Amino acid sequence: MSKAKKKGATPAVPKEPEEQPLASVTVTLTDCDGLKLILQSPEAAATASACKHLFEHAEKGNKEKLFLLNNDMHIELIKHSLTHSDKATRYYAVMCLGSMAQCPEVLEKLARNEDFHAVLVPMCNTTEGLACQQHSSYLISRIASIHPYFAGMMWKHGAVPAIVPLLASTDNDIKKNAIIGLAALASDAEARTSLLEESTTVPTVLEYLYSEYRDFQINALDAVRNLTGSAEFREQLRQNNAFDKLLGIFREKSFEDLHTRVLDTMAGMMKDRESFEMMFDNGDTKKVLSVLEEAITKAEVPVCSVVLKFLSALVHQDPTFSSKLYDMNIVAVCYGLLINESEDVVAKACSLIGALSRYSLLCSEKFVDQDDFYQHILTHMECETTAMREAASYAFVYVLKSKANCKVFMEKTGNSTGIEVLCRCIQQTSLLAQKNSLNAVLQILSHHEPSWDAELLENSFVEALLTVLGSGDSLTSRIGMTKPPPPAEEVPVENPYKKRLETLPHDCDPKVRKMLEIRAQSMMLVPRELMVASAACLGHFMTYPAGRQRLMDHEKSVEILTRNLCQCHGEERRQERFVLCQAIRHACLDCDVAQAFTEAGGLTELHNVLASLPAAVREFSLATSCITTVLDHNPTMLYWMTGSLKCSHVTQTGFYVLAQYKPVKASVKQALPSLQELGVAKRSNAFTAYYFYPVQPEPVKPPTPAPEAGQDTPKERSNSKLGKPIKKTKKAEKEQAAKDELGDLKESTPSPGLVWTPNPDYDLWTMIEDVSQTIMRSTKLPSANLKVRELAVYVSERMGGAFSELDIRQGKILHLDHIAELKMKLNSNIIPLGMIRCGTFLHRALLFKVLADRLYLPCTLHRGAGLTAWNTFQCIDVHHREQVVDLMYKPGALLDLHTPEAERYTSFH
């Protein structure tokens with residue numbers, strides 16, 4: 001066998017052994033069908049000769065190799081020849097496949113064929129002879145070098161225990177193929193674990209570092225570099241004095257590619273602190289640093305790339321090295337490399353900039369002082385290469401750690417393209433680049449400069465954050481691979497919520513269906529790192545009214561927040577739950593957001609999150625505070641759940657109350673139908689809602705003067721001139737009658753698929769204007785007590801006047817008939833509060849609370865069983881007594897709380 005070559009890292013191509021005596025068989029290569037039959041023949045001489053002629057044909061060039069590939073000859077060789085009982089047949093078959101594998105298209109086909117892996121690995125057995133070992137080790141090294149995925153496939157079929165013994169082979173070509181195959185297999189994590197079980201792996205590989213053949217040294221360094229991906233292997237390398245062997249290469253005078261590979265390997269080993277200390281305890285360290293200072297000034301791309309990677313590892317292990325590198329003028333060197341033509345060098349330079357800025361404020365400020373530094377970094381953050389975007393965003397995060405650097409960024413680039421670039425980077429497909437961009441936003445927000453926050457809000461950052469939270473991409477789809485593995489059979493993940501959705505009956509509760517849809521979508525949420533960073537940014541923006549308005553302008557904002565909330569159950573999700581609840585709590589300071597969040601099922605999901613926590617921490621959990629905030633800014637849900645509104649709970653437009661009500665505890669989850677559900681449902685006596693929607697009436701137009709007796713109207717005169725009869729049809733009469741009956745109210749006919757629109761409550765608007773003039777601005781009512789009494793009398797008169805308890809029990813108050821008439825008239829289950837003219841306790845208490853809130857009179861609203869409800873008022877006197885406002889028996893009377901009169905009023909049913 002020939003000696004290994006001195007340069008290059010290509011696996012050794014095996015040579016043909018001496019000619020073996022074979023039977024003379026003539027085969028026509030164009031006759032593919034006949035050739036396949038010969039390969040299936042049990043005669044050893046015929047099959048061996050056929051395989052030999054195939055090899056000779058493949059050696060002619062790539063065209064002939066592709067010819068054999070297109071005629072599926074590789075499949076026939078794999079199925080029949082590699083497993084043939086004849087040794088010569090197996091040899092020529094593997095030699096033919098090795099020759100075909102020199103063509104990239106054939107190599108890819110072989111790599112994707114698992115049957116080939118299964119029959120190839122046993123060919124490395126010593127019983128097959130050196131020739132078969134040469135070719136099989138060559139094929140294994142070529143296939144495993146394509147991608148870690150194929151290295152994992154080779155490991156699966158037992159390539160590790162087959163390759164390791166070949167390291168001790170007497171044939172140099174076999175040893176070269178074995179070391180290349182081992183380096184390729186080490187790129188797969190499971191294969192590294194198997195290599196760790198082989199006790200001879202590390203010592204044998206390290207011996208090759210002193211080999212007389214340069215190829216062996218290069219391939220051994222590649223293998224050691226890949227092995228450093230495992231902490232156990234790094235420990236073995238330290239035990240076998242790997243640093244002494246690696247540093248020994250630096251004894252050579254000139255810096256060459258071996259030094260580059262050594263630095264790359266040592267950078268991988270320095271992931272552990274022990275390796276770092278071992279390296280700098282060695283006397284050759286000064287030589288390393290002097291070589292680095294010489295190499296960093298070189299223009300060769302591989303040298304610069306590896307040196308920068310090594311320096312980054314040094315700084316991460318010992319931050320004090322940042323000051324030493326600062327003295328070496330490394331800042332100017334890194335800045336100069338930002339415009340290098342090699343993307344790999346630029347990416348490594350950005351990584352070193354990030355490391356230096358992370359541990360040295362002096363270095364970060366020096367970088368920012370360079371001209372157009374931010375422009376270069378922002379340009380690289382939008383590069384097409386994933387590694388470039390990740391490295392540039394990493395540098396950007398730590399440069400912004402200083403407030404002074406943030407100020408420079410906002411002043412130089414913030415008003416132009418800087419913020420826009422950052423907003424786009426948040427929505428990139430690379431997980432790490434997205435995370436770094438979000439952390440950069442957090443760095444800007446952490447300095448609490450309102451002007452900076454306003455600039456970020458103006459550039460649609462809220463929408464960008466919601467896009468991140470609303471994306472369903474998985475972690476694996478975001479990372480991506482330069483050479484994707486072959487499509488594997490996808491095992492669908494069972495989604496129990498989706499399965500339950502498919503079996504739900506059509507007439508099930510819409511609330512249940514909506515909640516199951518939210519749960520089903522929550523199984524495809526964003527990774528935890530992105531949720532934490534984006535929710536933290538969103539929570540900061542929600543402290544501003546402009547941020548909450550942008551949240552409401554987004555079509556699916558509350559749905560996105562609810563979906564993400566579904567994966568925050570349990571104590572182990574504390575960080576995600578904290579930032580998300582913080583964002584929801586700040587967002588729900590807006591009543592519209594609180595109501596929309598509740599309707600989207602968010603309040604129910606908060607209760608589910610709270611129930612998943614240990615009982616000892618529920619009271620102090622942020623989820624509890626979040627529930628309180630949502631209810632405080634959603635009076636409708638708060639009144640439904642607790643039956644009580646405090647003075648601070650001001651009713652807003654859209655507030656409504658369901659007549660059918662049973663007192664429940666706040667911890668019990670109740671399904672409150674929304675106005676949309678009530679509005680589009682068919683009219684029924686099962687439920688009635690009263691809602692607050694005042695609308696200012698349009699100015700009344702002056703009436704048209706009526707025609708005198710015997711005089712025709714303009715329209716009648718026009719018809720008479722045309723000879724048309726002056727007579728109204730029955731259809732016109734019916735339309736006019738219906739219009740007179742409904743007045744100015746819009747006719748609402750519930751129909752499936754329609755969106756309910758509220759009827760304007762002109763009467764309530766008139767009431768608010770009336771009480772504002774007569775009560776609030778009246779000089780005759782100087783105290784709040786007198787205004788409350790006057791307002792109570794006003795509400796009672798609007799609702800039918802005073803009634804005694806006996807009158808109510810005898811049914812003299814016809815409120816039920818009046819409500820039924822209004823529902824029929826509106827053809828709806830929802831009644832505007834201002835239209836009610838005959839009301840009992842509930843209707844009067846609601847109207848009193850609504851009007852009092854408009855007059856800034858602090859009062860509460862409580863509810864009992866049935867239609868019982870009452871208001872309380874804090875009497876402004878010496879004792880500050882809380883009093884119940886009588887709206888039924890003696891309108892305007894104030895009853896001291898807990899007195900018999902007050903108890904009788906509040907307990908009537």
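Here a visitor and a guide talk through how a few labels on this predicted model are earned.

Visitor: Happy to be here! What makes up the protein chain, in helices and strands?

Guide: Welcome! The protein chain has 52 helices and 8 strands. Of its 909 residues, 51% count as buried. Among contacts with a separation of 6 or more, residues 24 or more positions apart account for 72%.

Visitor: Let me pick a residue. Why is Tyr208 called buried?

Guide: Its relative accessible area is 9%. Buried means under 20%, so Tyr208, at 9%, earns the label.

Visitor: Where does Tyr208 sit, and what does it touch?

Guide: Tyr208 is in the loop between helix H13 (201-207) and helix H14 (214-227). Leaving aside residues up to four places away in sequence, Tyr208 touches Leu167, Lys175, Ile179, Phe216, Gln217 and Ala220. Take Lys175 from that list: it is 33 residues from Tyr208 along the chain, and their C-alpha atoms are separated by 9.9 Å.

Visitor: How do you know that Tyr208 and Lys175 touch, with their C-alpha atoms 9.9 Å apart?

Guide: Contact means heavy atoms within 4.5 Å, and the 9.9 Å refers to the C-alpha atoms. Lys175 is among the residues that Tyr208 touches.

Visitor: Now for Asp770. Why is Asp770 called partly exposed?

Guide: Asp770 has 32% relative accessibility. Buried would need a value under 20% and exposed one over 50%, so 32% puts Asp770 in between, as partly exposed. Asp770 lies in helix H47, and its C-alpha atom is 9.9 Å from that of Tyr794, 24 residues apart along the chain.

Visitor: Tyr794 belongs to helix H48, I see. How do you know what span to expect for H48?

Guide: Helix H48 (residues 784-798) has 15 residues. The expected span is 1.5 Å times one less than the number of residues, which gives 21 Å for H48. From first C-alpha to last, H48 reaches 21 Å, close to that expectation. After H48 comes Gly800, with a positive phi near 110 degrees.

Visitor: Which residues of H48 are buried, and what covers them?

Guide: Asn785, Lys787, Val788, Leu791, Ala792, Tyr794, Val795 and Ser796 are buried. Their cover includes helix H47 (762-776), helix H51 (841-854) and the strands S6, S7 and S8.

Visitor: What makes S6 and S7 a pair?

Guide: Two strands pair if there are at least two bridges between them. S6 (residues 869-874) and S7 (residues 882-885) have 4, so they qualify, running antiparallel. Within this pairing, Thr872 stands opposite Val884 in S7.

Visitor: And what makes S7 and S8 a pair?

Guide: S7 and strand S8 (residues 894-896) share 3 bridges in the antiparallel sense, so the requirement of at least two is met there too. Here Val885 stands opposite Leu894 in S8.

Visitor: Last topic: how many cavities are there, and how much space lies in the largest?

Guide: The whole structure has 4 cavities of 30 Å³ or more, and the largest holds about 80 Å³ of space. It is lined by 11 residues, of which Thr598, Glu599, Met637, Tyr656 and Leu672 are the closest to its centre. The largest share of the lining, 3 residues, comes from H39.

Visitor: What classes of residue make up that lining?

Guide: The lining of the largest cavity has 4 nonpolar, 5 polar and 2 charged residues. Glu599, one of the residues closest to the centre, falls in the charged class, as Glu counts as charged.

Methods: Residues are numbered from 1 along each chain as its sequence is written. This is a predicted model: local features need pLDDT of at least 70, side-chain atom pairs count only at pLDDT 80 or more; totals for chains, interfaces and linings use all residues. Side-chain values use heavy atoms; hydrogens and water are left out. Buried means under 20% relative accessible area, exposed over 50%, partly exposed in between (1.4 Å probe, protein chains only). On a 1 Å grid over the protein atoms alone, a cavity is a set of points where a 1.4 Å probe fits but cannot get out, and a pocket is an open set with protein on both sides within 12 Å along at least five of seven lines; lining residues have an atom within 4 Å of a point. Grid points are joined across faces, edges and corners, and a volume is the space filled by probe spheres set on the points.
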